[in-house]
Amino acid sequence: MTPESQWLSAPEGRAWRSYLRMHGQLRARLLQHLMRDSGLSEADYEVLVTLAGSPDGRMTSREVRCALIWEKSRLSHQVRRMEQRGLIIREVNPADARSSLLRLTEWGGEVIERAVPPHVERVREHFLSLLSPAELELLTRVGERVLTHLAREDEVDPPREI
């Protein structure tokens, strides 16, 4: 490996550092607003949105875990906290007694219905509205290209079960 290949070029470094700073600051700002606007943490929001996006508001724990790319213990702790607050419930999975179904409660559905509009508005305010349609399309293509690359890599060398 040559010394040059060990470091990012100036344009590469600028792009990478800009992406990292943008991601970190944007995420922090959106999470601050999410908590202030709805009282939900990022994890609460992610679980509620995932369940709300399913046809009947329920999914297996494994499906939720895989959709969020979370470890089993993280989801388990999060589910316990959300159950205590009445946002979701755990049910026996009739198709597989070894697993459980997570279901959005009526209260959890109401909470996420109220939380989504201001959160979406903040995403637009702090990110999407700053991009032209062409930039939005380019960002989408770049994201999809990176995700496709990572998926192909996973086919060759699958990640461990999380």
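**Entry 1: strand β3 and its partners**

I began with Val92 and looked up its bridge partner in β3, which is Ser100. The model I am reading is a predicted one, and I keep that in mind for each entry below. Val92 belongs to β2, whose residues run from 88 to 92, and I noted that β2 and β3 pair in the antiparallel sense over five bridges.

I then turned to β1 and found that it pairs with β3, residues 100–104, again in the antiparallel sense, here over three bridges. Two of the partners I wrote down are Arg103 for Arg58 and Leu101 for Thr60.

Which order do the strands take in the sheet? I read an open sheet of three strands in the order β1-β3-β2, with antiparallel pairing. The edge strands are β1 (58–60) and β2, each of which pairs on one side only, and neighbouring strands of this sheet are turned by 30 degrees against each other on average, with direction ignored.

I also checked how far β3 is covered, and found that four of its five residues are buried, so the strand is largely enclosed by the rest of the structure. Helix α4, residues 72–84, lies across β2 and β3 and runs at about 115 degrees to β2.

**Entry 2: salt bridges at the sheet**

How many salt bridges does the structure hold? I recorded nine. As a reminder to myself, side chains of opposite charge can pair when their charged atoms come close.

In the sheet I looked up Glu91 and Arg103, whose side chains meet in a salt bridge at 2.6 Å, N to O. Glu91 lies in strand β2 and Arg103 in strand β3, so this pair ties together parts that are twelve residues apart in sequence. Arg103 counts as partly exposed, because its relative accessibility is 23% and the buried class requires under 20%.

**Entry 3: salt bridges of the helices**

I next followed Glu42, which forms a salt bridge with Arg27, the closest N and O atoms being 2.3 Å apart. Glu42 lies in helix α2 (residues 42–52) and Arg27 in helix α1, so the pair ties together parts that are 15 residues apart in sequence. Both ends are partly exposed, Glu42 with a relative accessible area of 22% and Arg27 with 40%.

In helix α5, residues 106–126, I found Arg122 and Glu125 separated by about one helical turn, because they are three residues apart. Their side chains meet in a salt bridge of 3.5 Å, N to O, and Glu125 is partly exposed with a relative accessible area of 39%.

I then returned to the sheet for the wider picture and noted that salt bridges that share partners join Asp56, Arg58, Glu91 and Arg103 into one network. Within this network, Arg58 and Arg103 are also bridge partners across β1 and β3.

**Entry 4: a surface patch and Ala67**

Which residues make the nonpolar surface patch of about 510 Å²? I listed Leu8, Trp16, Tyr19, Leu20 and Met22, and I placed Leu8 in the segment before α1, the helix of residues 10–38.

My last look-up was Ala67, which lies in helix α3, residues 61–68, and is partly exposed with a relative accessible area of 48%. I compared its position with that of Val47, 20 residues away along the chain, and found their C-alpha atoms separated by 9.4 Å.

Conventions: Residues are numbered from 1 along each chain as its sequence is written. This is a predicted model: local features need pLDDT of at least 70, side-chain atom pairs count only at pLDDT 80 or more; totals for chains, interfaces and linings use all residues. Side-chain values use heavy atoms; hydrogens and water are left out. Two strands pair if DSSP finds at least two bridges between them. Axes are lines fitted to C-alpha atoms, for helices over the stretch in contact, and angles run from 0 to 180 degrees between N-to-C directions. Contact means heavy atoms within 4.5 Å. Patches are made of residues with over 30% relative accessible area and no salt bridge: like charges are joined within 9 Å, nonpolar side chains (Val, Leu, Ile, Met, Phe, Trp, Tyr) within 5 Å. Accessible areas come from the Shrake-Rupley method with a 1.4 Å probe; for residues, only the protein chains shown count as cover. A salt bridge is a side-chain nitrogen of Lys or Arg within 4 Å of a carboxyl oxygen of Asp or Glu. Buried means under 20% relative accessible area, exposed over 50%, partly exposed in between (1.4 Å probe, protein chains only).
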